[in-house]
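Welcome! Please take a look at the sequence and the model below before reading on.

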Amino acid sequence: MNEKTKLPRVAKGKKPKYLDDGSIDNLMAMIMTLTQEISVLRDRIDTLERMLEEKEIISTKEFDDFVPSDDLEMMRKDRRHELLERVLLPIKKELE
Amino acid sequence: MSKQKHSMQPKPSHDESVRQDFVTDLRAYLTDEIYSLITPYYEKKIEPDFIQANERKPEDKSEVKSLMLNDRGYQSWSLLQRLSQQMMFTSVIDTVERNLDTMIDDLDNHQSIGSLDIDESLDIPRYLTAYDIHQQPGGYHNENIEKDISAGAVYDISLPIYSRNAMGEENDLLAQAIIRYIDDHLKTFQPQEIMDMGCGIGNSTLPFSKKYPDSKVIGVDVALPCLRYAHARANALGVEAHFSQQNVEKTSYDPESFDLVTSTLLLHETSHDAVPKIIQECFRLLKPGGWMIHLDVYPFHKKEDDPLYDFLKDWEVINNNENFSGALRNMNMRKIIEDAGFSSETVEFTSAEAAAKYSKGYTGDFYLKLPVYLAQKPNN
């Protein structure tokens with residue numbers, strides 16, 4: 001997996017400033033990305049709920065009582081790291 | 001959620017797909033709900049303030065520009081519009097990067113139809129290396145890995161997001177507009193040898209193979225990752241076309257080899273020096289009586305009497321790495337085309353049109369109308 005090719009995520013070219021000194025621009029980028037991720041989550045939960053409902057598998061109470069395993073906790077930790085990576089990309093770009 | 005359009009296209013995961021859907025919806029919102037406010041806002045607030053201070057209207061786009069770039073409302077839209085383009089690419093690159101090795105392995109299964117000629121020693125023109133057009137990270141030509149096709153795959157998935165799914169299942173609406181123009185205006189024209197200049201992933205190349213099944217269709221581009229993808233994509237779609245890595249300013253084909261030379265959205269991505277060379281090359285390549293048809297986004301040689309409209313049209317120049325598109329509008333294309341040898345009575349600047357429908361949750365009709373520049377090589 002470490003060998004996997006990483007593609008560039010920042011385009012070469014002028015970087016105009018829009019609002020104030022550019023830090024507001026970064027803030028806007030972060031907010032929009034967060035909004036995008038909220039939208040992704042909502043859609044994923046929606047998919048899940050629809051499938052469970054279709055298959056008559058899990059009730060709402062079972063969701064509420066769920067306790068994650070250690071492995072799952074690790075997976076979630078990695079996922080949150082990825083989320084931060086995505087959200088904080090504008091700041092990284094600023095420092096590169 | 002997006003569906004694979006052909007077997008070479010990388011399949012987004014659930015989250016990647018809905019992340020891309022969000023960008024489609026964001027861009028639609030920015031256009032329909034926010035960009036639409038700009039002209040009324042300008043007329044109600046910015047222009048009256050200017051008139052009060054100066055006792056006249058702003059007279060050209062540079063005056064409008066200095067007002068708008070200091071306006072928080074305009075700049076907020078402009079920033080969001082630029083961010084939406086960046087978010088589009090970031091969300092698509094995730095899918096391409098994750099599938100890249102598999103796609104490259106799969107290239108061998110997509111080689112049997114048509115051909116691909118590679119020139120590893122080709123120099124990429126500076127207008128493509130100085131900055132990444134459309135803010136696509138890495139541009140169209142960069143190779144990140146051996147047999148890279150990532151730039152082509154990124155373009156293929158991005159276009160429906162960019163166009164609100166209006167370019168058709170095979171992203172071919174621009175070529176359909178040219179074909180419709182030929183059907184309507186050059187009725188008896190049946191090209192046998194066709195070149196698509198700056199063909200990229202071949203989305204505007206294959207429609208000619210399908211329309212003229214007895215013809216030989218060649219797509220030429222400098223960007224190898226796009227051409228590799230184009231050839232594999234053509235195979236996945238079962239359409240024959242030949243792709244060749246060359247600079248369209250001067251190709252290796254014999255003079256008088258083609259009946260039709262086309263391009264879609266090529267000229268505004270080139271340069272002041274390149275445009276006359278490309279037109280001269282079209283003349284050289286065409287058989288007597290053959291047609292050159294270029295479709296582009298900006299009308300040439302047209303001075304707007306509306307400075308706001310004129311300013312807004314330059315948005316892509318300033319904000320989306322379309323650095324040459326503004327300058328192209330000021331070039332004397334008629335002179336360039338006539339100087340290349342085309343018959344002056346056949347030089348025409350008009351529009352190509354095509355009707356489409358939005359899809360995937362977007363309703364209504366999309367009507368494409370873009371400028372075309374065409375000319376016929378004199379018969380001997």
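What follows is a short tour of some helices and loops of chain B.

This is a predicted model, in which local features need pLDDT of at least 70, side-chain atom pairs count only at pLDDT 80 or more, and totals for chains, interfaces and linings use all residues. Residues are numbered from 1 along each chain as its sequence is written, while chains are lettered from A and ligands numbered from 1 in the order in which they are written.

Let's start with helix 1 of chain B, which covers residues 14-54. Helices here are DSSP runs of H or I with at least four residues, numbered from the N terminus. Helix 1 of chain B bends by about 45 degrees at Y42(B), the bend being the angle between axes fitted to the seven residues ending there and the seven starting there. Y42(B) is also one of the buried residues of this helix, as is I46(B); buried means that 20 or more other C-beta atoms, placed from the backbone, lie within 10 Å of the residue's own. After helix 1 of chain B comes E55(B), with a positive phi near 60 degrees.

Most residues other than glycine have a negative phi. Two loop residues of chain B, neither of them a glycine, have a positive one:

| Residue | Phi | Loop in chain B | C-beta atoms within 10 Å |
|---|---|---|---|
| H134(B) | about 60 degrees | between helix 4 (126-129) and helix 5 | 20 other |
| N321(B) | about 55 degrees | between helix 11 (315-319) and helix 12 (325-328) | 23 neighbours |

With these neighbours, H134(B) is buried, and N321(B) counts as buried too.

Conventions. Helix = DSSP H or I, 4+ residues; strand = E, 2+ residues; numbered from the N terminus. Expected span 1.5 Å × (residues − 1). Buried ≥ 20, exposed ≤ 12 C-beta atoms within 10 Å, placed from the backbone.
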